Amino acid sequence: MTDDPIPGLSRSDPLAAVSPLDGRYAGRTAPLSPYASEAALMRARTRVEVEYLIELADLGATPIAVDGAEAAALRDLHESFSAEDARLIKDLEVEGAAGYAATNHDVKAIEYFLRVRLEELAEGGTLEDPERLFPWIHFGLTSEDVNNLAHRLLVGPAAREVLVPAIREVRDALVELAHEHRDTPMLARTHGQPATPTTFGKEMAVYAARLGRTLGRVEDAVDDLSGKLAGASGTYAAHVAAYPDVDWPGVSRSVVRGLGLDHTPLATQVNPCDDLAALFDAFRGVNDVLLDLDLDAWLYVSDRYLGQRAVEGETGSSTMPHKVNPIDFENAEGNLSKANSDLTFLADYVTTSRLQRDLSDSTVKRNVGAAFAHCLIGYSKTADGLSKVVPNETVMREELEATPEVIGEAVQTILRREGDTDAYERVKELTRGSRVTLEDFRALFDDLDVDPAVREELRELTPAGYTGIAAELADGVAVDDE
């Protein structure tokens with residue numbers, strides 16, 4: 001039967017993964033695991049609970065206190081978080097463990113996990129009377145207080161430490177191409193038809209500049225990530241009921257900012273997530289630029305403007321041995337398109353909630369890592385594609401020489417400068433819909449009633465030389481460390 005398990009294939013084997021993100025592309029998506037896995041979310045939740053507990057212990061109003069050594073031991077619970085810790089939390093949630101029945105609740109499992117570990121700290125002599133702290137773990141909080149902070153503690157570093165460097169790698173590769181080929185003339189196409197020549201370097205510089213701007217928006221969105229810690233309806237009701245004289249918004253602000261996030265002072269039970277939507281939209285902006293690049297690179301390969309270095313031993317086609325296909329750009333296009341679909345869905349979904357809270361966003365937010373993974377594959381595949389292409393200057397020049405009509409713009413513009421009111425129409429009659437040569441243009445120049453210096457100026461025009469200040473424009477972009 002085709003639906004039987006494959007003998008000898010473990011569920012943990014990448015070949016058994018139900019998603020290519022953890023299967024075929026596991027090597028490319030591995031850098032996101034510390035930020036996108038369930039274990040990573042457990043660790044982030046542990047950090048939030050520990051930092052909140054320490055903040056409560058520092059309040060004069062509460063009957064608990066922890067000294068410096070105890071605070072360090074508490075923080076070590078998330079700083080040294082291990083696979084064993086993650087498995088214990090999962091057991092507490094699903095099966096029950098350490099004397100606790102199964103919680104069937106992932107955040108409650110964190111609370112019981114901390115109780116277990118506090119008792120172990122006491123057994124080791126690091127902490128006295130651990131049960132005095134038990135009532136204050138998760139005191140007055142709702143699960144969303146913990147989750148909204150934990151997710152941002154993962155999303156921010158995933159963007160900053162993994163995705164942003166991958167984008168910079170692509171941008172820097174584009175800058176290097178721009179500088180190296182600043183003077184390489186190339187026929188431009190508008191509406192798919194021959195147009196005013198450019199240089200290959202200038203076209204790469206355009207993408208580098210666009211990518212730099214969109215990357216800046218990503219970095220700004222990461223800096224603006226914002227969290228809340230305000231109870232079940234965002235009113236601090238439970239906190240105020242217990243200690244009406246404490247400045248609970250101030251406590252919340254201290255905890256949230258201590259985690260490196262901006263503070264959201266007004267919320268329902270749910271953080272409004274406008275900050276996450278802004279980040280997802282910013283990544284879509286990056287991806288749109290790269291999709292445009294991937295499509296153009298594919299066309300340049302098809303037109304033989306770009307050659308591709310063959311990889312030793314690689315098969316291009318199962319039936320056509322000669323093929324060297326632009327597979328990296330095609331793969332990037334597919335993954336970036338999938339990423340944008342996911343990011344659009346996420347940005348639309350996480351900013352809405354029925355009244356003060358519903359749970360539908362919880363499962364959705366678990367898929368942020370998948371969207372980021374498709375981004376990362378797209379970035380790395382684009383970088384791979386750029387590393388293999390070689391501009392074919394001979395082909396570019398040959399096509400320019402075969403398309404002399406593109407100097408028509410320069411001709412009519414110079415004649416306008418000289419006061420010729422029929423300049424455009426004169427060149428249009430010669431060139432529109434016709435195959436012309438430079439000799440046809442020179443015959444036109446010989447019939448013009450212009451100064452000999454102007455006639456000579458016109459005769460010196462060539463397609464390859466008609467690139468304006470493209471080279472200087474290409475010089476205008478720089479790699480990050482220049």
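The following questions and replies go through a predicted model of one protein.

Me: What makes up the protein in terms of helices and strands?
Reply: The protein has 20 helices and six strands.

Me: How do you know whether the protein matches a compact globule in its radius of gyration?
Reply: For 482 residues, a compact globule would have a radius of gyration near 23 Å, whereas the protein has 31 Å. The two values do not agree, so the radius of gyration is above that of the globule rule. Along the principal axes, the C-alpha atoms fill a box of roughly 105 × 60 × 40 Å.

Me: How much of the protein counts as buried, and what belongs to its surface?
Reply: Of the 482 residues, 49% count as buried. The accessible surface is about 23600 Å², and carbon and sulfur atoms hold 49% of that area.

Me: What share of the contacts joins residues at least 24 apart?
Reply: The share is 77%, taken among contacts between residues at least 6 apart in sequence.

Me: How many side chains are positive and how many negative?
Reply: There are 47 positive and 85 negative side chains, and the centres of the two sets are 3 Å apart.

Me: How do you know that the span of helix α12 agrees with its number of residues?
Reply: Helix α12 covers residues 327-349, which is 23 residues. At 1.5 Å a residue the helix should span 33 Å, and its end C-alpha atoms are 33 Å apart, so the expected span and the model agree.

Me: Which residues of α12 are buried, and what do they pack against?
Reply: The buried residues include D328, F329, N331, L336, L343 and L346. The buried residues of α12 pack against helices α11 (274-302), α13 (360-365) and α14 (368-388), and against strand β6 (389-391).

Me: Why is P391 called buried or exposed?
Reply: P391 has a relative accessible area of 10%. Buried means under 20%, so P391 is buried. P391 lies in strand β6. Leaving aside neighbours within four places in sequence, P391 is in contact with H181, F200, Y305, L306 and M396. The C-alpha atoms of P391 and A39 are 352 residues apart along the chain and 45 Å apart in space.

Me: Why does A178 count as buried?
Reply: Its relative accessibility is 0%, which is under the 20% limit, so A178 is buried. A178 is part of helix α7 (residues 143-180). Apart from neighbours within four places in sequence, A178 is in contact with G201, M204, A205, A474 and V477. From A178 to R309, 131 residues apart along the chain, the C-alpha separation is 19 Å.

Me: How do you know that E93 counts as buried?
Reply: E93 has 15% relative accessibility, and this is under 20%, so E93 counts as buried. E93 is in helix α5 (residues 83-94). Beyond its neighbours within four places in sequence, E93 is in contact with E38, A102, T103, N104, H105, D106 and A109.

Me: Why is L141 called buried, and what does it contact?
Reply: The relative accessible area of L141 is 12%, under the limit of 20%, so L141 is buried. L141 is in the loop between α6 and α7. Leaving aside neighbours within four places in sequence, L141 is in contact with E49, Y52, V146, L229 and H239. The C-alpha atoms of L141 and G231, 90 residues apart along the chain, are separated by 5.1 Å.

Me: Why is A98 called exposed?
Reply: A98 has a relative accessible area of 53%, and exposed means over 50%, so A98 is exposed. A98 lies in the loop between α5 and α6.

Me: What sets the phi of A98 and of R304 apart from most residues other than glycine?
Reply: Most residues other than glycine have a negative phi. Phi of A98 is near 55 degrees, a positive value. Phi of R304 is also positive, near 70 degrees.

Me: Where is R304, and why is it called exposed?
Reply: R304 is in the loop between α11 and β5 (306-308). Its relative accessible area of 52% is over 50%, so R304 is exposed.

Me: What does Y100 touch?
Reply: Y100 lies in the loop between α5 and α6 (106-123). Not counting residues up to four places away in sequence, Y100 touches L92, Y112, R115 and V116. The C-alpha atoms of Y100 and G125, 25 residues apart along the chain, are 23 Å apart.

How values were computed. Residues are numbered from 1 along each chain as its sequence is written. This is a predicted model: local features need pLDDT of at least 70, side-chain atom pairs count only at pLDDT 80 or more; totals for chains, interfaces and linings use all residues. Side-chain values use heavy atoms; hydrogens and water are left out. Helices (H or I, at least four residues) and strands (E, at least two) are DSSP runs, numbered from the N terminus. The radius of gyration is taken over C-alpha atoms; the globule rule is 2.2 Å times the number of residues to the power 0.38. Buried means under 20% relative accessible area, exposed over 50%, partly exposed in between (1.4 Å probe, protein chains only). Contact means heavy atoms within 4.5 Å. Accessible areas come from the Shrake-Rupley method with a 1.4 Å probe; for residues, only the protein chains shown count as cover. Lys and Arg count as positive and Asp and Glu as negative; His and the chain ends are not counted. The place of a charge is taken as NZ of Lys, CZ of Arg, CG of Asp or CD of Glu. The expected span of a helix is 1.5 Å times one less than its number of residues.
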